[in-house]
Amino acid sequence: MATITADQVNLGGRAQRTRWQSMVRLARRNPLGAGAAIMLFLFSIIAFGAGLDTLPLGSAQGAASPLIATHDPFVMSSEEVLQKPGNGHLLGTDDLGRDLFSRIVYGARISLWVGFISVGISVGIGAPAGMISAYGGKWIDFAIQRVVDAMFAFPTIILALAIVSVLGKGIVQTTIAVGIVGIPRIARVTRASTLGVKSLPYIEAARSLGAPAPLIVSRHVFPNILAPLIVLGTAGFGTAILAEASLSFLGLGTPPPNPSWGTMLSGAAQQYVRSAPYLAIFPGIAISLGVFAFNLLGDALRDIFDPRLRGA
Amino acid sequence: MDNGLECLLFRRDESAGYIACVVVYSRCQVASGDFHGGQGLKYVARRLSSVVPTLLLVSVMIFWLMRILPGDVATLILIGPEGTGQPTATEVTELKELLGLDKPMVVQWADWMLGMMKLDVGPSLWSGEPVFQELFRRLPLTIELGVMATTTSLLIAIPMGIIAAVKRGSWMDYASRVFVLGGLSIPSFWVSVLTILALVTYFNWTPPLGYVALTKDPFVNFQQLIWAALALGYIQAALVARMTRSSLLEVMREDYIRTARAKGVRDRNVVIKHALKNSMLPVVTVVGIGMANIIGGTVILETLWSLPGVGRFMVDAINHRDYPVVQTLTFIFALIFAVTNLAVDLVYGVLDPRIRLD
């Protein structure tokens, strides 16, 4: 007996779209979102393909084997200080003779890493807190919400600075600080979405079948509140990159000589603004494009998941 | 109340995704009468009663944060930022006594809070000057910067939002959209670095060095602050322009606008007299939310433009491991944020009496 494939079933009706076709359709409807997705894809390729090493996050300095980058981002050269773009250095060199293009390419790793891990921290703590808040009864809800209120009472950068002042400077410390700062927003959205889902008939059905609360939350509630979390998480990526750059710019984030985009804009970039303006221009473009792409993708995802908010 | 809460969910989101929710949020504030009940003073009292407990919790959180340091605070301070100091045991004990670290935690916290109320939390470990004395010396600059940033951002953003809404789909609308997206993506410090670059390259001009107070020479003071204020206000301007546009577009669909048009009011007057006032409510909310960016941004821009304000004080204190100062300043920033938001809420109450009067 022949097996029937999906294609055959659909022969009589409307042709079923392949995954590829539906992606193209989605991209046509959201050209900006598709553009952002492509930008972020390139961004990830640059970050991963910077070199066949784990600099500046894992391996020790001197272990660079550049791939997309053209030079070792850490190697200084007193003969090639403040070279103009061109002449073997695509974007020129900084005040210590390091290749600017390679530093920006390796810097993408820091931004992507900080974004990924800090959003992970925000969601990893914020989402369970929000669901517990919505499900845990009056007092637990009250306690969690007051803590969330208190965290909201800080201007973002100030809270991050306070945390960094305690943890110290470093990529990991910065990531933790940026991640903590993002918790209250995730917690509040998760709580509100959970409350919205909680009273729906299918949850009631699960409850009446005797499913325990943890199972209901993980199996039935969580998948249904995923959409706003994905939207917020994507936008949170941009915010995290911006926060890391700001902290590093202040000299309180990723410490030198690591090639953080924020660090590159402080110090030499301002000191040599007249003679070497490219030092001030290219890292800023990198930050802005990265944040811009995540903002745009966040917008597009929101349009897809929640058409009611479109065009606002 | 529940829908009010649900709308609150996107509060203080600096990213792109929340504008529409703010519209909904401010409408909900109006719709759910219990959100802000009471009249006049009662309304103020209600708002205050929600702010004070939050601030108390904030103070506990800061206090706790400053005490989960890996290692002993006194030793860390004495070792110094470069890790070169080698403190003796007696030095550590002495500093502990000076900072009151030998007392129980609850007493330490109560002392700190009492000190806050008496405006005396002791001296800075770095300069030896009383923290509040230095704070009050630096505060006028930061407030001036914040006010300037907010004012310039509103002056730019509101007309831009109105034009974008009225001439929807025109090149001006697209230009304003680019402006908004830029504001949400371009870091303020890069705007400033580019400003310096442009001023130096095209005008061969740099702002006068050495900060001059407003009272001494307003003109020089203005030249020193305006660039920082513009960079600081950019993100706020972006948020406000976007909000003005979408809020105005929404109001323009209302029945009373159609009525006004039908009775022959000129287009200009429909916008200015009928639509604008009603569309300003969500804008006020967004201004309050955006204050977080302004207050936090002062830290970055004061450092960049070498302005001796409170933000710079904070960065210096962190660099010097001056924990008592960091602790106090963190709370002061949260307090300023709370007060500005309270002010915004009160303005809201004045603009829309429906919130005050049930």
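**Exercise 1. Determine how many salt bridges the structure holds over all chains, and examine a pair of chain A that links distant parts of that chain.**

*Solution.* In this predicted model, the structure holds 15 salt bridges over all chains. One of them joins A:D53 to A:R109, with the closest N and O atoms 3.1 Å apart. The pair connects distant parts of the chain, since A:D53 sits in the loop between α3 (31–49) and α4 (100–135) of chain A, while A:R109 belongs to helix α4 of chain A, 56 residues apart. As for accessibility, A:D53 and A:R109 are both buried.

**Exercise 2. Locate the partners of the salt bridge between B:R245 and B:D173, and decide whether they are buried or exposed.**

*Solution.* The closest N and O atoms of B:R245 and B:D173 are 2.9 Å apart, which means that the pair satisfies the 4 Å cut-off for a salt bridge. B:R245 lies in helix α10 (residues 218–251) of chain B and B:D173 in helix α8 (residues 171–185) of chain B, so the salt bridge ties together parts 72 residues apart in sequence. Both B:R245 and B:D173 are buried.

**Exercise 3. Classify B:E129 and B:R137, whose side chains meet in a salt bridge, as buried or exposed.**

*Solution.* The salt bridge between the two side chains has an N to O distance of 2.7 Å. B:E129 has 19% relative accessibility and therefore counts as buried, because the limit for that class is under 20%. B:R137, at 53% relative accessibility, counts as exposed, because that class begins over 50%.

**Exercise 4. Describe the interface of chain B and chain A by its residues, its buried area and its polar pairs.**

*Solution.* Begin with the residues: chain B contributes 57 and chain A contributes 51 to the contact. The area buried between the two chains is about 4,800 Å², and carbon and sulfur atoms give 74% of that area. On the side of chain B that touches chain A there are 41 nonpolar, ten polar and six charged residues. Between chain B and chain A the count of salt bridges is zero, whereas four residue pairs, both residues at pLDDT 80 or more, are in polar contact across the interface.

**Exercise 5. Establish where the confidence of chain B is lowest and highest among its elements.**

*Solution.* Chain B has a mean pLDDT of 83, with 86% of its residues at 70 or more. Among its elements, helix α1 (residues 2–8) has the lowest mean pLDDT, 35, and helix α7 (residues 131–166) the highest, 94. Over residues 1–38 of chain B, pLDDT stays under 50. For the complex, the predictor gives an ipTM of 0.86 and a pTM of 0.86.

How values were computed
Residues numbered from 1 in each chain as written. Chains lettered and ligands numbered in written order. Heavy atoms only, no water. Contact = heavy atoms within 4.5 Å. Buried area = accessible area lost by both parts, 1.4 Å probe. Polar contact = N/O pair within 3.5 Å; in protein donor to acceptor, adjacent residues only side chain to side chain. Nonpolar A, V, L, I, M, F, W, Y, C, P; charged D, E, K, R; others polar. pLDDT = per-residue confidence, 0-100. Helix = DSSP H or I, 4+ residues; strand = E, 2+ residues; numbered from the N terminus. Buried < 20%, exposed > 50% of the residue type's maximum accessible area, 1.4 Å probe, protein only.
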